[in-house]
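Reader: I should like to learn how the features of a protein model are read, one at a time. Might we work through an example together?

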Amino acid sequence: MKQIVHTFGDVTVLNGVNFHVQPGEVHALLGMNGAGKSTLMNILAGVLQPVSGTIEIDGKTHTFSSPKDAKRAGIGHVVQEVDAALFPALSVYENILAEQIVEQKHMFFSKTKKRTFVSQLLERVGLAHLSPDTTVQTCTLHEKQLILLARVLSSSARYIILDEPTASLSEEETKRLFTMIEQLKTQGVSFIYISHKLHEVKRICDRMTILRDGSVVYEGDVSLATEDIVRHMVGRQPEVRNARARNISKETIFEVKQLYIPKTKTTVDLAVRRGEIVGIAGLVGAGKTELAESMIAYVKTTGERIMQGKKQTWASPKEAIEAGVCLIPEERRKQGLFMNETVEKNLTVRLLSTIAPWQWIRKRHERAIATNLVSSLHIRPSSPTALVKHLSGGNQQKVVIGKWLQTNSDVFIFDEPTKGIDVHAKEEVFSIIRALAEKGKAIIYFTSECQELLHIADTIYVMVDGQFVKKVDALEATYEQLVYDMTGGGTN
Amino acid sequence: MKFLYKYGTILAIVIVIAFFSLTLDSFFTYANFSDILRSISIVTLVAIGITFSLIVDGFDLSVGSTVSLATIASASALVLHRQELLVALVVPLLLGALVGLLNAFFIIRLRLPDLLATLAVMYIINGVQLTYTKGFSIYNDMPLPEGGVAPGKFIPSFLFIGQGELFGVPFSVLLMLLLVISAHLFLTYTKTGRLFYMTGENREAAHLTGIPVNRYRTYAYMISGLFAALGGIVLASRIGTGQVSAGASLLMDGVAAAFIGFSVFGIGKPNVIGTLLGSIFIGVLLNGLTMMNVPYYAQDIVKGALLIFALALSHMVKK
């Protein structure tokens, strides 16, 4: 790919990118979120058309106007969300041949004719044990990924994009995937490997390209020291520091011991004090959301939860909330808001027992509370009767937080609270969180954006594969070190 | 266009009334309107129940058969067992609540899809009332299989519910209005009513906000069963016999009324006032068509078309 330029509106996301992959190599594509990796790969896969620049394969220039063109030219894409690309109720056989079945001219297709072809493909991806008649929904995630890979190979792809292939794989499955990649490599297939896990990149990849802000900042060997890779990815960042003027009490208010996270099959210990903002940094798939949901008993789990020294036996979020722990969830539209209701009804849903002590809702009282919250949180439009679905992402987030502000909650768990909101709203969310801490509330803040933690947290934990690998005082942490730890630099 | 969303339903009712008044001589009379209201009082009760199940984002198809069951239960208590008014009211209501509890168990505990679970329950309950009566209606002085005639009869106090009048207004209409108003006040102005809506709006968010969603969903199905049973009592009293499968046709009318109610005033949510207007709409339409000598079997076509129309409208309002 030569001199690729791409823009979304006024924003240039790719600024003359050159990207070369040799036949039979595994080439890592690295960069922070927003560096332009996905855009570049979408252009290569024919999903997006570049503003300028060319794609050459074996010396021949191609123009891809659709994903179909890219497939014909030998580009295969194994997406991160494998379930979105598969037909769960159909057999492995049909899933692998999906594209051929769509393309073929006649109406019927013979199962026996292509049987050997499918078996060969399954063998190539290391799924020889799997019967082609199995329905895909009974397969494991790892198998689904390989089935998708087999589909890509069925149309004789020679350049295969793997997008975060190990994000939800176990250690053993990752190993098997790597063996398979090695085998296909010897057959002349090239891979473009996108991942945040740097130790894996070093293990499997031959060369790498690092993107930062839409430009290539490094291209070459993977033997580069991890610290240097991180430096290239991060670049020079303005150091925004949290001037801590708060008193953090000595009193531990909420604590979990040996709390089991079902998805990652790990246990976690964590304690948070009054007035403290504990930040938890981890990549997507590190188990942050699962830990947050385990804390408030949203998922069934084992382990101890201790509130102000007393052991708790919560069976549902209701009990956690009544004890003073609340969650501001990551998926705010799906989990946090009543989209078709008014701002007022969303804000007062936890306050109904004060607004309606004898069942009867005192509307004037409710309106007063809502108006007060709307103005103190600067929610726009500033009308309590606006429907939440008409608000911007940032204002919606303020509504989700506002719901808890006047309750008796002592512990606030934030899961990626700045996801999808603009810079201004981010600052507002930060100041709300700081104000809460100043009032003696305890905050647990989950994010994959570690700059935010340097900005707001007092103590930072780094989470990798469901476990804390590091605990550090925010004043001593550096951005590069956090990225290094988060991407598994320390666990090699 | 916005005006049409908001007042379209009301406009349609006015147009239909105007049309029938102009074409039919005896339509726009007090007697006929009292007749229409009397006939919709049962449908409205059933439709309020359905509205409750819709509010918690559920669905209850079993209401029609619950009406039948309640009708039979009332008749049986009075005619076969010679019981007094209280028993003839309490037994069907308890049965209705029980059906609701059964629905809730299948939907919430066993996680069956609401449409299919209540469809199955609809068949079961229908079978139960047919088995109990062996397919025969229950009426005054009916001959018993073991010889002789039934000991009891439909007592006047029971018949008053469906046939009596207070201040020249049918009692069943007053009962309907009273329940519409109470249900409306409950859903709009009380804490529990608010939480019913929140549960239906976004169950996951409600759960994470500490609302006991399964409890409210159970209540909603039980209320649905209770209202259907009440409809059955009024129906038994109105016709003065315990007719088998009497409630079967009420399901469709009730569902249509509740969905027409969605779009009234452009609210886009199930609501009781809308449901009342929906059932008035259907009542007026059916009454007029009957007077125009459209046979009852052809009226099903109108009802079906009306439901499609209401669904399309509520879908548009939602957007």
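Author: The following turns take up the sheet, the helices, the backbone and the chain contact in order. The model is predicted.

Reader: What is the strand order of the open sheet in chain A, and how are its strands paired?

Author: Strands of a sheet pair through backbone hydrogen bonds, either parallel or antiparallel. In chain A, six strands form an open sheet in the order E6-E7-E8-E3-E9-E10, and the pairing is mixed. Strand E6 (75-78) and E10 of chain A are the edge strands, each pairing on one side only. Direction ignored, neighbouring strands of this sheet are turned by 20° against each other on average.

Reader: Which way do E9(A) and E10(A) run, and how many bridges join them?

Author: E9(A) and E10(A) run antiparallel and are joined by six bridges. Leu211(A) has Val216(A) in E10(A) as its bridge partner. Parallel pairing is found between E3(A) and E8(A), with four bridges, and between E7(A) and E8(A), with five bridges. In these pairs, His27(A) stands opposite Ile192(A) in E8(A), and Leu162(A) stands opposite Tyr193(A) in E8(A).

Reader: Which residues of E8(A) lie on one side and which on the other?

Author: In a regular strand the side chains alternate between the two faces of the sheet. For E8(A), one side holds Ser190(A), Ile192(A) and Ile194(A), the other holds Phe191(A) and Tyr193(A), and all of them are buried, so that both faces are covered. Because five of its five residues are buried, E8(A) is largely enclosed by the rest of the structure.

Reader: Which strands does helix H1 of chain A lie across?

Author: Helix H1 (residues 37-44) of chain A lies across strand E3 (26-30), E6, E7, strand E8 (190-194) and E9 of chain A, and it runs at about 150° to E7(A). Helix H7 (residues 141-154) of chain A also packs on the sheet, where it touches E6 and E7 of chain A; its direction makes about 165° with that of E6(A).

Reader: How should I read the packing of H2(B) and helix H7 of chain B, and at what angle do they pack?

Author: Two packed helices are described by the angle between their axes and the distance between the axes. H2(B) and helix H7 (residues 171-189) of chain B pack at about 30°, with their axes 8 Å apart. The two helices are therefore roughly parallel to each other, and their crossing is left-handed. Residues of H2(B) in this contact include Leu37(B), Arg38(B) and Leu45(B), while those of H7(B) include Val173(B), Met176(B) and Leu179(B). By class, the contact comprises nine nonpolar, three polar and one charged residues.

Reader: At what angle do the axes of H2(B) and H12(B) cross?

Author: Helix H2 (residues 30-55) and helix H12 (residues 272-291), both of chain B, cross at roughly 140°, and their axes come within 9 Å. That angle makes H2(B) oblique to H12(B). The crossing is right-handed. Among the residues that meet are Ile36(B), Val43(B) and Ala47(B) from H2(B), and Leu276(B), Gly283(B) and Asn287(B) from H12(B). The contact of H2(B) with H12(B) has 10 nonpolar, eight polar and no charged residues.

Reader: Where is the cis peptide bond, and what is its omega?

Author: Most residues other than glycine have a negative phi, and most peptide bonds are trans. The peptide bond from Arg380(A) to Pro381(A) is cis, with omega near -5°. Pro381(A) belongs to the loop between helix H16 (363-376) and helix H17 (393-405) of chain A.

Reader: What is the phi of Glu164(A), and what is that of Asp213(A)?

Author: Glu164(A), although not a glycine, has a positive phi of about 45°. This residue lies in the loop between strand E7 (159-163) and helix H8 (171-186) of chain A. Glu164(A) counts as partly exposed because it has 19 C-beta neighbours inside 10 Å, and 20 would be needed for a buried residue. Asp213(A), also not a glycine, has a positive phi of about 50°. Asp213(A) is in the loop between strand E9 (207-212) and strand E10 (215-221) of chain A, and is partly exposed, with 15 other C-beta atoms within 10 Å.

Reader: How many residues of chain B are in contact with chain A?

Author: 15 residues of chain B are in contact with 22 residues of chain A. On the chain B side, helix H8 (191-201) and helix H9 (203-208) are the elements that give two or more residues. H8(B) supplies the largest share, five residues. By class, the chain B side divides into five nonpolar, six polar and four charged residues.

Methods:
Residues are numbered from 1 along each chain as its sequence is written. Chains are lettered from A and ligands numbered from 1 in the order in which they are written. This is a predicted model: local features need pLDDT of at least 70, side-chain atom pairs count only at pLDDT 80 or more; totals for chains, interfaces and linings use all residues. Axes are lines fitted to C-alpha atoms, for helices over the stretch in contact, and angles run from 0 to 180 degrees between N-to-C directions. Angles under 35 degrees count as roughly parallel, over 145 as roughly antiparallel, 65 to 115 as roughly perpendicular and the rest as oblique. A crossing is left-handed if the near helix is turned anticlockwise from the far one by less than a right angle, and right-handed if clockwise. Two residues are in contact if their C-beta atoms, placed from the backbone, lie within 7 Å. Ala, Val, Leu, Ile, Met, Phe, Trp, Tyr, Cys and Pro count as nonpolar, Asp, Glu, Lys and Arg as charged, and the others, Gly among them, as polar. A residue is buried if 20 or more other C-beta atoms lie within 10 Å of its own, exposed if 12 or fewer, and partly exposed in between; C-beta atoms are placed from the backbone. Two strands pair if DSSP finds at least two bridges between them.
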